[in-house]
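Ready for a little practice in reading a structure? Take a look at the model below, then try each exercise before reading its solution.

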Amino acid sequence: MVKKVTITDIAKAAGISPTTVSLILNGKGERFSQETCSRVFQLRDELGYHIEKRPVVPRYAKKIYRLGVVMTAFNQFFYQDVITGIRESAGTEVIVSLYEVGNTYEDNLRDLKGLFREPIDALILCEPIVPTKILRELSAAFKVPYVIVNSHAAASDSDVWVDLHEVGILSAEYLLANGHRKIAVVVPQENHANSEIVAGFREGLAEYHLQLEEQDIFRIVPSLSESYRFAKNTNLQDYTAVFTAADEIAIGMMRGLASKGQRVPDTQSLLGVGNSELDNYTHPQLSSVLIPASDIGRAAFDKLEELNQKPQTPRETLNLPIGLVKRSSVKHI
């Protein structure tokens, strides 16, 4: 009997994940390189892979009508794009509700226990602090499937993963390559994801034998108004560049600097994180690290749908790539 060729066979031959192969073969490979896509299609033809036609399953067969999206610190710009991706995959019949939970372990655990008891069909958990073992127990007890985006425990505990440590490294390398050596870092306060971004930024600086001092790190409320006030009331003239861990902070700071006659990038260069659509409409346009927020939403819901229909499906981590979008807010000095 001739063995049927599967997506897993193509993935092993190409040295990539089955999820990546599936996305490319189903016309969703825009975020992957042309070389990777060409390799997948070449192996498909060489190995003789064929997609079997399956009966159309009615939309309601998913049994996910009420979906909760859970986050520890609401970043309006970023999660707006995540929700857009979720809605694109979920369709209009799924009710998507947002929940913000506590930032401490105790608050996070208390709030998540309450959410699993809610009349809800499934959960997408963004950056949960609670260990995966407890989440599995809650899911089994209340029969509520879940998908984890960027677990604080480890990448292996995540269903969808974006390397925030690499975000920090990439940001430091870009600013350093543009001649900046005195750099301020502005991050959202009480956000556990910051530790990975800041650690990566430190590592990037260390390659140039530079250190990030605690006095160079500023922690603020991640909103346009608070970022505006911070930039307006804080003396940042000792720094040639400011790295912010969220576009929302960078955009608010840009106006705050302008209010006291300091123009980006002439006075300070600004680099954000997230690549919000609004980055194209600032003056100057904001350079930013690309985190594929809408792809995160689509991938998370697609994985959740699969786990809901086939609970025994092995959980594999989907690693989404980051990038750098160079616009006009970083000056070479």
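The exercises below concern a predicted model.

**Exercise 1.** Find which residues form the negative surface patch, and which helices each supply at least two of them.

*Solution.* Start with the members: Asp 163, Glu 166, Glu 173, Glu 196, Glu 203 and Glu 207 make up the patch. Next, turn to the helices. At least two patch residues come from helix H7 (164–177), and at least two from helix H8 (193–206).

**Exercise 2.** Place Glu 166 in its helix, then decide whether Glu 166 is buried, partly exposed or exposed.

*Solution.* Glu 166 sits in helix H7. Its relative accessibility is 33%. Buried means under 20% and exposed means over 50%, so Glu 166 counts as partly exposed.

**Exercise 3.** Work out how the rings of Phe 78 and Tyr 79 are arranged, and whether these residues are buried or exposed.

*Solution.* The structure has four aromatic pairs. In the pair of Phe 78 and Tyr 79, the ring centres lie 5.1 Å apart and the planes meet at 80 degrees. Planes over 60 degrees apart count as edge-to-face, so this pair is edge-to-face. Both Phe 78 and Tyr 79 are buried. Elsewhere, ring pairs join Phe 218, Phe 230 and Tyr 239 into a cluster.

**Exercise 4.** Locate Ala 13, classify its exposure, and give its C-alpha separation from Pro 284.

*Solution.* Ala 13 belongs to helix H1 (residues 7–14). With a relative accessible area of 40%, Ala 13 is partly exposed. Finally, Ala 13 and Pro 284 are 271 residues apart along the chain, and their C-alpha atoms are separated by 45 Å.

How values were computed: Residues are numbered from 1 along each chain as its sequence is written. This is a predicted model: local features need pLDDT of at least 70, side-chain atom pairs count only at pLDDT 80 or more; totals for chains, interfaces and linings use all residues. Side-chain values use heavy atoms; hydrogens and water are left out. Patches are made of residues with over 30% relative accessible area and no salt bridge: like charges are joined within 9 Å, nonpolar side chains (Val, Leu, Ile, Met, Phe, Trp, Tyr) within 5 Å. Accessible areas come from the Shrake-Rupley method with a 1.4 Å probe; for residues, only the protein chains shown count as cover. A salt bridge is a side-chain nitrogen of Lys or Arg within 4 Å of a carboxyl oxygen of Asp or Glu. Lys and Arg count as positive and Asp and Glu as negative; His and the chain ends are not counted. The place of a charge is taken as NZ of Lys, CZ of Arg, CG of Asp or CD of Glu. Helices (H or I, at least four residues) and strands (E, at least two) are DSSP runs, numbered from the N terminus. Buried means under 20% relative accessible area, exposed over 50%, partly exposed in between (1.4 Å probe, protein chains only). Rings of Phe, Tyr and Trp (its six-membered ring) pair if their centres lie within 6.5 Å; planes under 30 degrees apart count as stacked, over 60 as edge-to-face and the rest as tilted.
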